[in-house]
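Hi everyone, thanks for making time. I'd like to walk you through a protein that's new to most of you, so have a look at it first.

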Amino acid sequence: MFTELVRNVADMPDKGKADRAADFGRLVKQAVSAIAWLLHADIVGVRAVVYQVSDDDSRMEVVDWAAGNHRAAPQPFIRGTDRGDKAFATLRAGESLFVDDISKAPEQWAGSGDGYNTFITTPIASPTVGYGLLTVDAPETDSLTEDDENDLRLVAGILAMIFAEKHRRSPGRAAAPSA
């Protein structure tokens with residue numbers, strides 16, 4: 001699944017803006033589905049969510065999500081709220097936040113805890129642009145691991161390329177000259 005995702009991302013630079021925008025939604029859906037159904041199929045109630053910063057930078061909106069056991073839909077992060085400001089701080093810091101038990105959550109967490117007791121959030125970012133966050137949560141404490149955090153950082157890096165291609169204004173690479 002991830003091999004196919006990476007191949008599709010590699011094709012994006014050669015496409016026009018409209019095609020890249022269409023690919024964006026499809027590839028994000030493919031990523032959250034792969035996280036929820038392949039990487040974490042053994043975790044009951046796991047939920048994977050991709051958020052993107054809004055055009056006016058006032059919130060992080062849900063792009064797509066996948067979850068088992070009919071989990072509640074994720075909510076946006078809104079600047080000016082404790083939860084939203086901490087999410088934006090995580091994006092700015094550029095580092096993952098892994099909480100194995102939210103009853104012992106660190107200061108930077110301000111989530112609802114509604115339906116989950118463990119989570120990982122990692123920035124979707126390039127060295128110069130913060131696009132959003134990738135989060136995974138689950139109802140059972142300690143059901144996520146440091147290996148999951150490493151996997152999510154990798155997926156977030158792939159998602160950063162997808163976001164960058166969606167937002168790129170210049171035309172794709174020139175085709176290679178034929179021999």
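Before I read out the layout, a word on terms: helices and strands here are DSSP runs, with at least four residues for a helix and at least two for a strand, numbered from the N terminus. And please keep in mind that this is a predicted model.

So, the layout. The protein has four helices and six strands. Starting at the N terminus, the order is α-α-β-β-β-α-β-β-β-α. There are 179 residues, and 46% of them are buried. The accessible surface is about 9,400 Å², with 51% of that belonging to carbon and sulfur atoms. Looking at contacts with a separation of 6 or more, 58% are between residues 24 or more positions apart.

Now the sheet. How are the six strands ordered in it? They go S3-S2-S1-S6-S5-S4, as an open sheet with antiparallel pairing. At the edges you'll find strand S3, residues 77–78, and strand S4, residues 97–99. Each has a single partner strand, so one side of each has no neighbour in the sheet.

Let's zoom in on S1 and S6. Strand S1 is residues 47–53, strand S6 is residues 130–138, and they pair antiparallel over six bridges. For a landmark, find Ala48, which sits opposite Val136 in S6. Then there's helix H4, residues 146–167, lying across S1, S2, S4, S5 and S6. Its angle to S5 is about 35°.

On to the charges. In general, side chains of opposite charge can pair when their charged atoms come close. How many salt bridges does the structure hold? The count is 11.

One of them ties S1 and S6 together: Arg47 with Asp137, with the closest N and O atoms 2.8 Å apart. Arg47 is in strand S1 and Asp137 in strand S6, so to speak distant parts of the chain, 90 residues apart. Are these two buried or exposed? Arg47 counts as buried because its relative accessibility is 8%, and Asp137 is buried as well, at 4%.

Another joins Lys15 and Asp23, at 2.7 Å from N to O. Here Lys15 counts as partly exposed at 26% relative accessibility, while Asp23 is buried at 7%. Those two also belong to a salt-bridge network with Arg26.

Last one: Glu61 and Arg59, whose closest N and O atoms are 3.6 Å apart. Glu61 is partly exposed, at 32%, and Arg59 is partly exposed too, at 28%.

Note on methods
Residues are numbered from 1 along each chain as its sequence is written. This is a predicted model: local features need pLDDT of at least 70, side-chain atom pairs count only at pLDDT 80 or more; totals for chains, interfaces and linings use all residues. Side-chain values use heavy atoms; hydrogens and water are left out. Buried means under 20% relative accessible area, exposed over 50%, partly exposed in between (1.4 Å probe, protein chains only). Contact means heavy atoms within 4.5 Å. Accessible areas come from the Shrake-Rupley method with a 1.4 Å probe; for residues, only the protein chains shown count as cover. Two strands pair if DSSP finds at least two bridges between them. Axes are lines fitted to C-alpha atoms, for helices over the stretch in contact, and angles run from 0 to 180 degrees between N-to-C directions. A salt bridge is a side-chain nitrogen of Lys or Arg within 4 Å of a carboxyl oxygen of Asp or Glu.
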